[in-house]
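Open the model in your viewer and keep the selection tool at hand. Each stop below says what to select and what is there.

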Amino acid sequence: MSSVCNWNTWVPPELKDRAPFRPMVRLEAQLSGGEWQNIEKAKAPIILFFNEPERAGISPQHAAEIWRTKMLPLRQHKGKKLVSPSCASDPKGREWINDFMHRVADHPPEFLGLHYYGTDAEAAIRYMESMHKRHPKQQVMVTEIASISRNYHDVVQFTVKLANWMDKTPWIFEYAFFGCMRQVADAFVSPEAQLMRPDGQFTALMNKLTHEVPMKM
């Protein structure tokens, strides 16, 4: 486990500095008040910017304006490295992030954030390769990825193939399988892909992810 992200600006108290924390400016609500103060005071070297903004009504143009006024000063004055918005892998998400990257080409992020949900590991690899080819100067942070199959064997197969591929791919900086939480987030994600049980203990899949390198079926 190389880092922890909770989609928030605040550090989980139970983390206790056992792994690097990745604060996230998830949406515009985190750009002011105490949430923004958390970002400005953060000791973390890497800051994530916007989570699926295309689904929150934020345009690439508006995000680029915020990038220049709020995010770039974190790099210029505090030495932070910045992650692009992480969009869904559907056509709308691809169009959004490509537009954003074009608009900030003069001051681009250090990392390209990507999401992927599906059942076909080869399709996931093709998607990541295509996005890296489009934006080759950025290392990739796969900030959310998971199988949405309801078959546990298929979920494990997807996870093993992708984890092993990402581990050996030099332009993948980090990846995060979804989701390490007590309850299933919504009806879209698969209960079979859960990484935490309701009692707070890791599932068998999470234990495989954290202890098997390379992962095995």
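**Stop 1: helix 5 against helix 6**

Select Tyr 152, Val 155, Val 156, Thr 159, Val 160 and Ala 163 on helix 5 of this predicted model. Then add Ala 204, Leu 205, Lys 208 and Leu 209 on helix 6, which they meet. By class, this contact holds eight nonpolar residues, one polar and one charged.

Now show both helices whole: helix 5 covers residues 152–168, and helix 6 covers residues 204–211. How far apart are their axes, and at what angle do the helices pack? The axes are 11 Å apart, and the angle is about 15 degrees. Angles under 35 degrees count as roughly parallel, so helix 5 is roughly parallel to helix 6. The crossing of the two is right-handed.

**Stop 2: the cavity**

Stay with Thr 159, Leu 205 and Leu 209, since these residues also belong to the lining of the largest cavity. Add the rest of the lining: Ala 146, Ser 147, Phe 177, Phe 178, Ala 193 and Leu 195. About 40 Å³ of space lies inside. The structure has one cavity of 30 Å³ or more.

Which elements each supply at least two residues of this lining? Colour strand 5 (139–147) and helix 6 to see them. Then colour the lining by class: seven residues are nonpolar, two are polar and none is charged.

**Stop 3: helix 4 against helix 5**

Keep helix 5 on screen and bring in helix 4, residues 121–134. Their axes come within 9 Å and cross at roughly 30 degrees. The cut-off of 35 degrees applies here too, so helix 4 is roughly parallel to helix 5. This crossing is right-handed.

For the side chains, select Ala 121, Glu 122, Ala 124, Ile 125, Met 128 and Glu 129 on helix 4. They meet Phe 158, Lys 161, Leu 162, Trp 165 and Met 166 on helix 5. The count by class is eight nonpolar, no polar and three charged residues. Glu 122, Glu 129 and Lys 161 are in this contact.

**Stop 4: helix 2 against helix 3**

Move to helix 2 (residues 60–78) and helix 3 (residues 91–103). They pack with axes 9 Å apart, at an angle of about 40 degrees. Is that roughly parallel or oblique? Angles under 35 degrees count as roughly parallel, and helix 2 is therefore oblique to helix 3. The crossing is right-handed.

Select Pro 60, Gln 61, Ala 63, Ala 64, Trp 67 and Arg 68 on helix 2. Then pick their partners on helix 3: Trp 96, Asp 99, Phe 100 and Arg 103. This contact has six nonpolar residues, one polar and three charged.

**Stop 5: two backbone details**

Go to Phe 50, in the loop between strand 2 (46–49) and helix 2. Check its phi: the value is near 60 degrees. That is a positive phi in a residue other than glycine.

Next, centre on Pro 214, in the segment after helix 6. What kind of peptide bond joins Val 213 and Pro 214? The bond is cis, with omega at about -5 degrees.

Note on methods:
Residues numbered from 1 in each chain as written. Predicted model: local features only at pLDDT ≥ 70, side-chain atom pairs only at ≥ 80, totals over all residues. Heavy atoms only, no water. Axes fitted to C-alpha atoms, helices over the stretch in contact; angles between N-to-C directions. Helix = DSSP H or I, 4+ residues; strand = E, 2+ residues; numbered from the N terminus. Parallel < 35°, antiparallel > 145°, perpendicular 65-115°, else oblique. Left-handed = near helix turned anticlockwise from the far one by under 90°. Contact = heavy atoms within 4.5 Å. Nonpolar A, V, L, I, M, F, W, Y, C, P; charged D, E, K, R; others polar. 1 Å grid on protein atoms, 1.4 Å probe; cavity = no way out; pocket = protein on both sides within 12 Å on 5 of 7 lines; lining within 4 Å. Points joined across faces, edges and corners; volume = space filled by probe spheres on them.
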